[in-house]
Amino acid sequence: MANDPIELHIMKKIFNAEKLFFRIGELSSMTGVSTRQLRYWEQKNYIHSIQRDDEQSARVFHFKEYARVSGIKYFLDQGYSLQAAVKQVNQYIDVSHFLHKFVKEGIKTVKTSNNTCEIDLGWLDEAKTQHLYARLEDEKFKYYVE
DNA sequence: GTTCTTACA
DNA sequence: TGTAAGAA
């Protein structure tokens with residue numbers, strides 16, 4: 001069974017981050033950002049919570065907001081203004097989207113056995129005559145065309 | 001007990 | 001941005 005290819009959509013089901021939600025108190029203790037700040041940042045449209053039934057009900061934040069808040073907090077601690085910190089975080093989130101897209105589309109199948117790994121990176125050419133593979137050898141990835 | 005808004009420092 | 005109030 002160890003040689004069965006790993007399917008990425010199964011991994012996504014095993015760890016489905018889309019289902020993670022937090023209330024303001026949790027998000028605050030997770031990030032070290034006060035609830036007062038979180039409410040203010042949301043009012044400024046720097047972060048967003050999920051649609052509420054009415055303005056009096058508790059905010060609910062998606063896990064992606066945890067990454068955003070943590071990022072803003074990081075750059076704030078580095079001395080950036082709140083505005084500049086948000087701008088920095090937006091750039092990093094853009095990069096993370098590109099990387100996610102790259103992994104999602106670029107990795108076809110993964111085979112593993114005994115601490116080795118082979119990743120099928122798909123067709124190398126338009127004519128689809130050659131596949132590009134990455135293999136783990138001696139703790140390092142090497143690339144092959146076959 | 002937690003979160004909400006509003007208001008003041 | 002922190003803190004305190006009273007309500008939900």
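## Helix crossing, nonpolar core and sheet

Helix 2 and helix 4 lie oblique to each other (outside under 35, over 145 and 65 to 115 degrees). Their axes, lines fitted to C-alpha atoms over the stretch in contact, come within 10 Å and cross at roughly 45°. Leu 27, Met 30 and Thr 31 of helix 2 meet Tyr 66, Val 69, Ser 70 and Lys 73 of helix 4 (contact: heavy atoms within 4.5 Å).

This is a predicted model: local features need pLDDT of at least 70, side-chain atom pairs pLDDT 80 or more, while totals for chains, interfaces and linings use all residues, and side-chain values use heavy atoms without hydrogens or water. Residues are numbered from 1 along each chain as written; chains are lettered from A and ligands numbered from 1 in written order.

The largest nonpolar core (buried Ala, Val, Leu, Ile, Met, Phe, Trp, Tyr and Cys joined through side-chain atoms within 4.5 Å; buried is under 20% relative accessible area, 1.4 Å probe) has 15 residues. Leu 38, Trp 41, Ile 47, Val 69 and Ile 72 have the most contacts inside it. Four helices (DSSP H or I runs of at least four residues) each give two or more residues:

| Helix | Residues | Given to core |
|---|---|---|
| helix 2 | 24-31 | two or more residues |
| helix 3 | 35-43 | two or more residues |
| helix 4 | 63-77 | two or more residues |
| helix 5 | 82-106 | 4 residues, the largest share |

Beyond four places in sequence, Ile 72 touches Trp 41, Tyr 46, Ile 47, Leu 82, Ala 85, Val 86 and Val 89.

4 strands (DSSP E runs of at least two residues, paired by at least two bridges) form an open antiparallel sheet, ordered 3-4-5-6. Strand 3 (109-113) and strand 6 (140-145) each have a single partner, so one side of each lacks a neighbour in the sheet. Strand 4 and strand 5 are joined by 4 bridges. Asp 120 stands opposite Tyr 133 of strand 5.

Note on methods: Buried means under 20% relative accessible area, exposed over 50%, partly exposed in between (1.4 Å probe, protein chains only). Axes are lines fitted to C-alpha atoms, for helices over the stretch in contact, and angles run from 0 to 180 degrees between N-to-C directions.
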